[in-house]
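Got the viewer open? Keep the selection box handy, and we'll walk through the model stop by stop.

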Amino acid sequence: MDVRTCGINLNHWYVVAQSREITTKPIEVKLWYRSIVLYRDSTGKIHGLDNRCPHRQVKLSEGKVVGNSLECAYHGWQFNGQGSCTFIPYLNSNLNGKFSKNQALPRSQIESYPVQEDDGFVWIFLGEKHLLESKQVQPMSIPEWQHLNYIGTVSVIDCQAHFSFLIENLMDMYHGHLHDDYQAWTDAKLKELLTTEEGVKGLYEAQSYYKIDKIWSISQLFFPRFRSLHPEPLMVNYCYPHWQSTLGKDFTIYCLFCPISLTHTKAYLIHFTSLNAFWRLHKLPKWFRQFIKDRLYGTAQTMLDGLVEQDIIMIEQEQQAYDQQLREPTYEINPTIPAVQKFIKKQAEKESIII
Ligand code: FES
Ligand SMILES: [Fe+2]
């Protein structure tokens with residue numbers, strides 16, 4: 001089995017949008033060859049339906065929300081959050097009702113997907129629904145999102161490549177070579193590698209300048225001359241299908257995956273800077289700490305977007321090279337990569353439907 005043609009295991013929660021993107025105006029999102037319409041009803045609940053009106057197959061994302069229902073733009077049929085047709089504006093209007101008396105609403109059902117809104121993101125589950133009843137499968141937890149001591153920044157990755165290229169990039173810390181000034185660490189050395197039921201974990205030892213213990217420490221991110229190196233453990237964790245990494249105690253980063261097709265991957269990279277060292281701050285009223293958290297949101301945007309831009313160039317070139325030279329061998333000396341590839345293949349076997 002070729003890892004670059006592996007599908008995803010659908011029995012996991014995937015991220016398709018950020019919470020703040022979803023309003024009462026429907027939007028189209030894509031996840032593994034499906035077009036899904038997301039909208040918020042009048043109670044604030046998010047619904048996810050197959051983005052296809054059963055009447056004439058047009059996209060429901062062109063429509064609008066009316067109360068708790070989604071109204072198709074074309075003829076105004078309405079559907080509830082479970083995907084059932086609830087209203088047709090011209091039912092029984094034909095030939096004064098003589099065309100067909102007592103016309104009933106069609107029984108056609110649009111597929112509705114389980115949606116969860118957690119930690120600032122919208123999660124969708126396309127797998128076997130019985131797994132959700134037993135709560136065996138949960139969205140990845142991101143406790144830092146709510147925690148007042150963490151400042152978040154989100155960068156969106158959108159690349160024309162198979163998701164395996166992205167996760168390999170995230171697990172292979174020797175690619176710090178690419179990032180130079182954007183990178184918070186250098187000189188990584190792989191110390192441990194562990195494969196479990198959930199994924200693959202790598203532990204590197206790196207030299208880092210990242211230590212947020214003074215109010216001006218954040219300036220290290222922007223001015224290399226303020227940096228001084230010290231050893232820190234650098235952990236990377238592929239918790240299938242997502243990823244998390246920590247560098248020492250002050251630096252946490254997540255990557256939430258949304259694979260769209262075999263050659264298109266979207267993902268959300270979330271970086272958190274810890275304010276744990278500022279104990280005086282913790283004594284301030286909660287509303288003020290929330291205010292600081294909100295005001296500082298996006299502080300690391302330049303750094304994060306810069307990293308993403310450099311990574312995407314490499315990842316897309318890998319895909320292009322793969323497409324053009326199927327028989328050319330690649331060489332790998334980081335054992336993390338074959339471990340990740342093996343894991344992806346195992347997950348793809350679990351989900352027999354590839355497309
Ligand atoms: S196509 Fe949707 S109502 Fe006709
Ligand atoms: Fe990178």
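How many Å separate the centres of domain 1 and domain 2, taken over C-alpha atoms? The answer is 34 Å. To see this for yourself, colour 10-133 as domain 1 and 143-350 as domain 2; these bounds come from an automatic or database domain assignment.

A word on the ground rules. This is a predicted model, in which local features need pLDDT of at least 70 and side-chain atom pairs count only at pLDDT 80 or more, while totals for chains, interfaces and linings use all residues. Residues are numbered from 1 along each chain as its sequence is written, with chains lettered from A and ligands numbered from 1 in the order in which they are written.

**The whole chain**

Zoom out. The C-alpha trace spans about 85 × 60 × 35 Å along its principal axes. Switch to cartoon and you have five helices and 18 strands to look at; helices (H or I, at least four residues) and strands (E, at least two) are DSSP runs, numbered from the N terminus. Of the 355 residues, 35% are buried. Here a residue is buried if 20 or more other C-beta atoms lie within 10 Å of its own, exposed if 12 or fewer, and partly exposed in between, with C-beta atoms placed from the backbone.

**Where the domains touch**

Next, select the contacts between the domains: 12 residues of domain 1 meet 11 residues of domain 2. Contact means that the C-beta atoms of two residues, placed from the backbone, lie within 7 Å. On the domain 1 side, the elements giving two or more residues are β1 (13-18) and β2, and β1 gives the most, with four residues. That side divides into seven nonpolar, three polar and two charged residues. (Ala, Val, Leu, Ile, Met, Phe, Trp, Tyr, Cys and Pro count as nonpolar, Asp, Glu, Lys and Arg as charged, and the others, Gly among them, as polar.)

**A four-stranded sheet**

Stay with β2 and bring up its sheet. The sheet is open, antiparallel in its pairing, and ordered β2-β3-β4-β9. At the edges stand β2 (27-31) and β9 (112-113), each with a single partner strand, so one side of each has no neighbour in the sheet. Strands pair if DSSP finds at least two bridges between them; β2 and β3 (residues 34-40) run antiparallel and are joined by five. Pick Glu28 and look across to Val37 in β3.

**Lys64**

Now click on Lys64, in strand β5 (residues 64-66). Is Lys64 buried or partly exposed? Partly exposed, because Lys64 has 15 C-beta neighbours inside 10 Å. Leaving aside neighbours within four places in sequence, its contacts are Pro26 and Glu71. Draw a C-alpha to C-alpha distance from Lys64 to Ile27: they are 9.6 Å apart in space and 37 residues apart in sequence.

**Strand β12 and its partner**

Move on to β12 (residues 150-159). Eight of its 10 residues are buried, so the strand is largely enclosed by the rest of the structure. Add β18 (residues 264-274), which runs antiparallel to β12 and is joined to it by 10 bridges. One pair to label is Ile151 with its bridge partner Thr273.

**Two helices to finish**

Select α2 (residues 163-171): nine of its nine residues are buried, including Phe163, Phe165 and Glu168. Then jump to α3 (residues 286-296), which is hardly covered, with zero buried residues among its 11. Just after α3, stop at Gly298, where phi is positive at about 90 degrees.
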